[in-house]
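Here are some short exercises to try with the structure open in your viewer. Work through each task on your own, then compare your steps with the solution.

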There are 2 protein chains.
Amino acid sequence: MKNKFITPEGYTSDIAVFTITSEQVGEYKPPKKELKIMLIKRSELNHEGNPNMEAGKWALPGGFVRPEETAFQAAERRLTEETGVEGLKIKHFGVYDSPGRDQRGWIISNAHYVIANEADLRTRKTTYDASEVKLFTLEEALELDLAFDHQTIIEDALWFIKKDMALTTLARHFLPDEFVISELQGVLLTVLDDPSISTDAAFFRKAPTFPFIEAVSEDGKLKKSKRYSKTPAQLYQFNDYQPIVSVYRNKLQG
Amino acid sequence: MKNKFITPEGYTSDIAVFTITSEQVGEYKPPKKELKIMLIKRSELNHEGNPNMEAGKWALPGGFVRPEETAFQAAERRLTEETGVEGLKIKHFGVYDSPGRDQRGWIISNAHYVIANEADLRTRKTTYDASEVKLFTLEEALELDLAFDHQTIIEDALWFIKKDMALTTLARHFLPDEFVISELQGVLLTVLDDPSISTDAAFFRKAPTFPFIEAVSEDGKLKKSKRYSKTPAQLYQFNDYQPIVSVYRNKLQG
DNA sequence: TTTATAATTAACATTTTGTTAATTGTTAAT
DNA sequence: ATTAACAATTAACAAAATGTTAATTATAAA
């Protein structure tokens with residue numbers, strides 16, 4: 001069918017890949033955790049051998065959406081191409097379509113974010129259009145001269161991460177299957193600023209009652225771990241409870 | 001610059017316009033409130049005089065995005081064109097870009113929703129490509145044979161409305177500036193199903209303590225209304241408090 | 001043995017809930 | 001005038017949940 005409309009000149013999909021790194025700060029101590037974002041350095045030439053747009057700048061991984069796929073599928077495909085990681089839970093969070101955001105013309109981008117384990121990203125590889133791949137703290141990333149409007153996209157993604165962290169059990173994607181309370185606390189504190197989380201006594205008293213986690217047992221007795229402390233600490237795992245919160249109610253509803 | 005990429009054949013913006021109608025169910029009684037969505041009937045011919053795609057079907061208002069605007073701006077523009085209403089708070093909630101969703105080709109749609117006052121929609125007008133405009137209950141709307149993938153879009157929009165109603169003070173957009181508790185309750189119940197809202201005693205005891213509303217005073221004394229009851233009921237208004245909820249905390253934080 | 005430390009528990013005063021049962025103010029019908 | 005009806009509130013109170021401070025516990029290392 002004849003194209004009767006003025007159409008965009010490109011349709012792309014970008015992915016903000018977040019991870020939380022753990023830094024061992026001493027023996028028998030919970031590690032210091034920090035939120036990081038994965039960026040790629042745009043190479044000088046594209047795969048056709050022509051100069052690449054915004055070459056040399058750091059940018060979110062992403063690429064053009066193909067006509068036989070959705071932006072979401074493109075995000076999955078590109079994520080695998082860039083990092084070698086599959087099966088992660090990608091979320092769409094926004095559209096960036098301001099005229100002039102890309103010098104090549106009217107190019108629309110769908111923005112996604114994904115949470116990866118630090119371990120997953122160890123398998124990342126450098127591909128033809130990413131001369132370098134690196135993890136940055138959010139502060140570092142936002143100080144760089146990023147390609148296109150990727151600074152705005154990252155700021156927005158961060159906001160969505162914070163919201164999701166507070167409203168859903170997103171934290172589970174930053175944690176191993178079995179974790180101790182201090183690990184959960186560490187993950188939450190990378191993103192949320194809340195005294196009821198940062199105050200140890202309050203958090204340790206309350207956390208075991210969260211309806212969405214449960215203590216792990218083994219051979220009929222509670223399973224403990226000494227990975228971060230001398231005292232064995234109880235291991236927990238997330239269950240399938242989906243908490244629902246509301247400004248009109250305090251108690252959680254599933 | 002030469003276009004080197006396979007590009008979409010159209011970029012559109014759709015808007016789900018919601019309103020809550022009030023039906024007087026008797027004197028001195030709170031009115032029955034119901035969530036409705038505004039749909040347009042696609043006309044047989046488009047403005048060029050050619051047969052219109054999906055003609056005769058009910059659909060979300062919307063249209064093609066122009067290259068000098070964003071999808072968001074297109075939504076604002078189309079909303080005004082369709083309804084004559086300006087200045088409402090439009091929210092983007094999703095992208096619909098599955099191959100095959102529109103027979104005309106690879107056409108991407110950005111979906112938005114907006115809350116309008118029932119009164120606002122009284123000024124709505126019929127335009128060249130909408131032979132009819134009508135409010136439907138959500139049940140009615142989802143039973144229609146809707147154009148394109150608009151059924152999916154409406155289902156998704158409904159989900160977002162519910163979420164926003166629970167997590168934000170979205171309810172304010174369905175209420176007059178000054179309202180009584182039973183009106184607030186009525187609005188919430190059109191979308192949320194929660195005993196702490198539907199149980200009168202619980203809701204009336206708790207509502208006055210919500211940090212995001214406050215009692216209205218006039219001439220130094222509390223302002224009351226008798227619009228829905230014989231007993232004068234206290235009037236409230238929303239303030240600027242933005243409640244923040246979290247699954248890890250019960251008390252509200254601003 | 002002792003010390004240090006993260007994890008946990010105890011104890012308790014304070015706040016918030018959920019519920020049931022009154023009260024109040026006002027209209028409309030005796 | 002009285003009274004019935006009824007939505008909107010308030011009262012009262014037991015049950016839960018929260019915030020805080022102060023123990024306790026288990027273990028490694030000195």
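A residue is near a strand if one of its heavy atoms lies within 4 Å of the strand. This is a predicted model, in which local features need pLDDT of at least 70 and side-chain atom pairs count only at pLDDT 80 or more, while totals for chains, interfaces and linings use all residues. Residues are numbered from 1 along each chain as its sequence is written, chains are lettered from A and ligands numbered from 1 in the order in which they are written, and side-chain values use heavy atoms, with hydrogens and water left out.

**Exercise 1. Find which residues are closest to DNA strand C, and which part of the strand faces the protein.**

Step 1. Select the surroundings: 21 residues surround DNA strand C, and the closest are Lys29(A), Gln234(A), Asn250(A), Arg205(B) and Thr231(B).

Step 2. Turn to the DNA atoms within 4 Å of the protein: 62% belong to sugar or phosphate, and the rest to bases.

Step 3. Sort the surface near the strand by class: eight residues are nonpolar, six polar and seven charged. Here Ala, Val, Leu, Ile, Met, Phe, Trp, Tyr, Cys and Pro count as nonpolar, Asp, Glu, Lys and Arg as charged, and the others, Gly among them, as polar.

**Exercise 2. Work out what polar side-chain atoms of Arg205(B) and Lys206(B) approach on DNA strand C.**

Step 1. For Arg205(B), the partner is a base nitrogen, 2.3 Å from a polar side-chain atom.

Step 2. For Lys206(B), the partner is a phosphate oxygen, at 3.4 Å.

Step 3. Place these in the fold: helix H7 (200–206) of chain B gives two or more residues to this surface, as do helix H7 (200–206) and strand E13 (233–238) of chain A. H7(B) gives the most, with four residues. Helices (H or I, at least four residues) and strands (E, at least two) are DSSP runs, numbered from the N terminus.

**Exercise 3. Describe how chain B meets chain A.**

Step 1. Count contacts (heavy atoms within 4.5 Å): 54 residues of chain B touch 54 residues of chain A.

Step 2. Take the buried area, the accessible area (1.4 Å probe) that two parts lose on being put together, summed over both. For these chains the value is about 4,500 Å², of which carbon and sulfur atoms give 63%.

Step 3. Look for who loses the most area in chain B: Tyr11(B), Val247(B) and Tyr248(B), together 19% of what that side buries.

Step 4. Check for salt bridges (a side-chain nitrogen of Lys or Arg within 4 Å of a carboxyl oxygen of Asp or Glu): the rule finds zero across this interface.

Key:
A polar contact is a pair of N or O atoms within 3.5 Å; within protein, one must be able to donate a hydrogen and the other to accept it, and residues adjacent in sequence count only if both atoms are side-chain atoms.
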